[in-house]
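This report covers the cysteines of one chain and the packing of some of its helices. The structure is shown first.

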Amino acid sequence: MAAVDVIVDNLVTLRSAPAARHYLHWILLLITIVGYFVKVAWGWTLFLLTPFLLLSNSSFGRSVSFLIQRLLSLVVATAIWYVCTSTFFYIEGVTGLCFESRTMGAINEEFTSIKDCKQAGFHWHGYDISGHSFILAYASLFIMEETEPMASLKTVYLSALPRMILKLLYVALHLMLVIWVWMFICTCVYFHDPSHKLVGTVCGLLGWFLTYRVWYLKPLSPGLPPQHHLKAQEE
């Protein structure tokens, strides 16, 4: 017991120290920032990836129909994002109850939807599949797939301005990729139960695998990025 008392005293002293309080303040700020940026992660991904996809795919000198076909990958990815996040929200709604406090003591049966419960100042608790884990895993894999043509563009003739724009977008997308991976790690540490994060991550991996490793290999699909296409032809 004496050892436990010493540990408790040290922890109390540590928490009361100005440096420790400052550190905890920055952790809370970090969690807030992560939560905000994850909410708009898909918008940022499309904002940078759409012009990159347009420039990179059109640089190979293919037909307009090929470019339109490739742009459909953005539509498919957005549909996957929308369906999955809507499904997660629906599951949380049908599996949850409205509690009057975070301790989940008294149940308020008057409110049967997440929106009404939260607007009344209460707390909804259901099976909350991690949309953060899903979108960060899926967006990261999406960026990696669609930026692969950059390696082949080194041998393609481009004027100075388009090449510079492509390079800037390529760098920005990889900086975003680093941020998404970092936020994914933060999500794993600070948010959601383990099963919620696991299910969300698996959904993100399935969304990528079923498109880029299964469907996009078929003729009736948006198809793979040009570098993938060239590799498939060589094989």
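Cys203 has a relative accessibility of 22% and therefore counts as partly exposed, as values from 20% to 50% do. The model is predicted. Cys203 takes part in no disulfide, and the nearest cysteine sulfur, that of Cys84, lies 5.5 Å away. Seen from the other side, the sulfur of Cys84 has Cys203 as its closest cysteine partner at 5.5 Å, which is too far for a bond, because a disulfide requires sulfur atoms within 2.5 Å. Cys84 has a relative accessibility of 17% and so counts as buried.

Which cysteines do form a disulfide? Cys98 and Cys117 do, with their sulfur atoms 2.2 Å apart. The structure holds one disulfide. The torsion about the S-S bond of Cys98 and Cys117 is about 85°, so the disulfide is right-handed. The pair connects distant parts of the chain: Cys98 belongs to strand β1 (residues 97-99) and Cys117 to helix α5 (residues 114-119), 19 residues apart. Cys98 and Cys117 are both buried.

The second topic is helix packing, with α6 as a member of both pairs in the table.

| Helix pair | Angle | Distance between axes |
|---|---|---|
| α3 (residues 41-58) and α6 (residues 131-146) | about 5° | 11 Å |
| α6 and α7 (residues 160-190) | about 155° | 9 Å |

At about 5° between their axes, α3 is roughly parallel to α6. On the α3 side the contact is made by Ala41, Trp42, Thr45, Leu49, Phe52 and Leu53. The α6 side contributes Ile135, Tyr138, Ala139, Phe142, Ile143 and Glu146. By class, the residues of the contact of α3 with α6 are 10 nonpolar, one polar and one charged.

How are α6 and α7 oriented to each other, roughly parallel or roughly antiparallel? Their angle is about 155°, and α6 and α7 are therefore roughly antiparallel, since angles over 145 degrees count as such. The crossing of α6 past α7 is left-handed. In α6, the residues His132, Ser133, Leu136, Ala137, Ala139, Ser140, Ile143 and Met144 meet α7. Their counterparts in α7 are Leu173, Met176, Leu177, Trp180, Val181, Met183, Phe184 and Thr187. The contact of α6 with α7 comprises 12 nonpolar and four polar residues, and no charged ones.

Ala139 and Ile143 of α6 appear in the contact with α3 and also in the contact with α7.

Conventions: Residues are numbered from 1 along each chain as its sequence is written. This is a predicted model: local features need pLDDT of at least 70, side-chain atom pairs count only at pLDDT 80 or more; totals for chains, interfaces and linings use all residues. Side-chain values use heavy atoms; hydrogens and water are left out. Axes are lines fitted to C-alpha atoms, for helices over the stretch in contact, and angles run from 0 to 180 degrees between N-to-C directions. Helices (H or I, at least four residues) and strands (E, at least two) are DSSP runs, numbered from the N terminus. Angles under 35 degrees count as roughly parallel, over 145 as roughly antiparallel, 65 to 115 as roughly perpendicular and the rest as oblique. Contact means heavy atoms within 4.5 Å. Ala, Val, Leu, Ile, Met, Phe, Trp, Tyr, Cys and Pro count as nonpolar, Asp, Glu, Lys and Arg as charged, and the others, Gly among them, as polar. Buried means under 20% relative accessible area, exposed over 50%, partly exposed in between (1.4 Å probe, protein chains only). A crossing is left-handed if the near helix is turned anticlockwise from the far one by less than a right angle, and right-handed if clockwise.
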